[in-house]
Amino acid sequence: MRFLPRLLKRAIKNGELTLIEPGGKQHVFGSKDESNPVTVRVNDASLDWKLPLNPELKGAEAYMDGTLELIEGDVYDLLLLFYRNRTQFDHSAGQIFWRGVARSLKRFQQHNSITSARAHVKHHYDLKDELFELFLDADKQYSCAYFPTGNETLEEAQEAKKQHIIRKLNLKDGMSVLEIGSGWGGLALDIAASANVTIKSVTLSENQARIANQRAEAAGMADRVKFVIQDYREVTEKFDRVVSIAMLEQVGAPHLKDYFIQMRNLLGPEGVALVHSISTKSPPGVTGPFIRKYIFPNGYSPALSEIVAAIEPTGLWVLDVEVWRQHYGHTLREWRNRFTARRDEAVAMYDERFARMWEFYLAACEGVFMHGSSNVVQIQMGRKSDGVPLTRDYLYR
């Protein structure tokens, strides 16, 4: 092998990686430090040129296919090495080329018609419920949890997230609420339990809508909480409150302005909205090739600058911006550990390659929140500047 060892020698400066070639020859890169050493065996000689050509995508696919085999360490240890040495990888010719291609195609890739949005949702959110039950909390909250002290269990942190959001909505009895993106219904049901309000929750996932409506019926809330299969762009009613959790990532950069214009149009004269989204401390970029190809085909986490620029023309007031930094990293660590403990069940549901893909996804996302530039933002908006109290005290009483 010629090209892969050359790339790794130049890139690995922090931590230690041992590479075993198909013929058995070993190379050691970097040096031991506080991180776990990693040993990989390459079982396909063509990876010598494929990995340097497109490290992010081909590395993930090689792990999924078993042609890149972990001998020492786990997939998170391997990805941690990547994140700790990312600058050197990012300067490789392959990374520079493919990132340029992705930037040039960004608007095309993120075109998000209602028809394509339905297909993208089905690709991910209509997977088997049993898969998500392997690693989510009992309420099946599939977004960043909130760890006020850092010592919460996943269940406690997800409950804290929902209650924090509910306080930001500053609800009063008799209000109407729109939720954009239902999940499995947990937040809407908690909102309904906190105040005498009516809730319409829209989703494009038939599976999630069915389960959420069953939960509303079982909780005796079906008269106040409705889960509807509808694109947010098709909603025409007015609401006192609008909440959208982990859905902005599916909108696409070209549609951000239209999304917030629609949010303004959905709000009544005293209306307040809350958007919770993955974001980044970095300038606007592109979605990684592995996530884009295998996990969220149209996913894009907008930079805060893109979000604010899309809000400004709408006339809405930005009432509050809260940045959650490593909260999602801690959430993903809990998910990854739970998935690992029940990995055999994922293999039985799908196959070994799917299980490898999913553990790579969870580990990669954990890494980018703990060691990369990703974060989560909550943006509170209103029709009026005094739509909520003038200080944050009401959130913590």
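**Figure 1. Glu359 and its partner Arg343, a buried pair in a predicted model.** Start with Glu359, which is buried, with a relative accessible area of 9%. Everything shown here and in the other views comes from a predicted model. Arg343 is buried too, with a relative accessible area of 17%. Arg343 and Glu359 form a salt bridge, and their closest N and O atoms sit 3.0 Å apart. The pair links distant parts of the chain: Arg343 belongs to helix α17 (residues 343-349) and Glu359 to helix α18 (residues 352-370), 16 residues apart. Both count as buried because their values, 17% for Arg343 and 9% for Glu359, fall under 20%.

**Figure 2. A salt-bridge network of five residues.** Asp139, Glu159, Lys162, Asp190 and Arg215 are joined into one network by salt bridges that share partners. For the wider picture, a search of the whole structure turns up 24 salt bridges. Why do such pairs turn up at all? Side chains of opposite charge can pair when their charged atoms come close.

**Figure 3. Glu270 meets Lys384.** Glu270 and Lys384 make a salt bridge, with 2.8 Å between the closest N and O atoms. Glu270 lies in strand β9 (residues 267-280), while Lys384 is in the loop between β11 (374-382) and α19 (393-396), so the pair ties together parts that are 114 residues apart in sequence. As for how open the spot is, Lys384 counts as partly exposed, at 37% relative accessibility.

**Figure 4. Asn265 and Arg383, far apart along the chain.** Asn265 is found in helix α13 (residues 256-266). Asn265 has a relative accessibility of 31%, so this residue counts as partly exposed. Now look across to Arg383: along the chain, Asn265 and Arg383 are 118 residues apart, yet their C-alpha atoms are separated by 10.0 Å.

**Figure 5. A four-stranded open sheet.** Here 4 strands line up in the order β2-β1-β3-β4, forming an open sheet with mixed pairing. Which strands sit at the edges? They are β2 (26-31) and β4 (68-72), each of which pairs on one side only. On average, and ignoring direction, neighbouring strands of this sheet are turned by 20° against each other.

**Figure 6. Strand β1 and its two neighbours.** On one side, β1 and β2 pair in the antiparallel sense over 6 bridges. Thr18 is a handy residue to look for there, with Val28 as its bridge partner in β2. The two strands form a hairpin with 5 residues between them, and Gly24 in the turn has a positive phi of about 105°. With β3 (residues 38-42), strand β1 (residues 15-20) pairs in the parallel sense over 4 bridges. Two of the partners in β3 are worth finding: Leu17 is bridged to Val38, and Leu19 to Val40.

**Figure 7. Both faces of strand β1.** Is β1 mostly covered or mostly open? Mostly covered: 6 of its 6 residues are buried. In a regular strand the side chains alternate between the two faces of the sheet. In β1, Gly15, Leu17 and Leu19 point one way and Glu16, Thr18 and Ile20 point the other, and all are buried.

**Figure 8. Glu34 reaches Arg84.** The salt bridge between Glu34 and Arg84 has its closest N and O atoms 3.5 Å apart. This pair also links distant parts of the chain, with Glu34 in the loop between β2 and β3 and Arg84 in helix α4 (residues 75-84), 50 residues apart. How do the two partners fare for exposure? Glu34 is exposed, with a relative accessible area of 67%, whereas Arg84 counts as partly exposed at 25% relative accessibility. Glu34 gets the label "exposed" because its 67% is over 50%.

**Figure 9. The second largest cavity.** The count comes to 2 cavities of 30 Å³ or more. This view shows the second largest, which holds about 30 Å³ of space. Which residues line this cavity? The lining is made up of Ser35, Asn36, Asp77, Leu80 and Leu81. Sorted by character, the lining residues divide into 2 nonpolar, 2 polar and 1 charged.

Technical notes: Residues numbered from 1 in each chain as written. Predicted model: local features only at pLDDT ≥ 70, side-chain atom pairs only at ≥ 80, totals over all residues. Heavy atoms only, no water. Pairing = 2+ DSSP bridges. Axes fitted to C-alpha atoms, helices over the stretch in contact; angles between N-to-C directions. 1 Å grid on protein atoms, 1.4 Å probe; cavity = no way out; pocket = protein on both sides within 12 Å on 5 of 7 lines; lining within 4 Å. Points joined across faces, edges and corners; volume = space filled by probe spheres on them. Nonpolar A, V, L, I, M, F, W, Y, C, P; charged D, E, K, R; others polar. Salt bridge = Lys/Arg side-chain N within 4 Å of Asp/Glu carboxyl O. Buried < 20%, exposed > 50% of the residue type's maximum accessible area, 1.4 Å probe, protein only.
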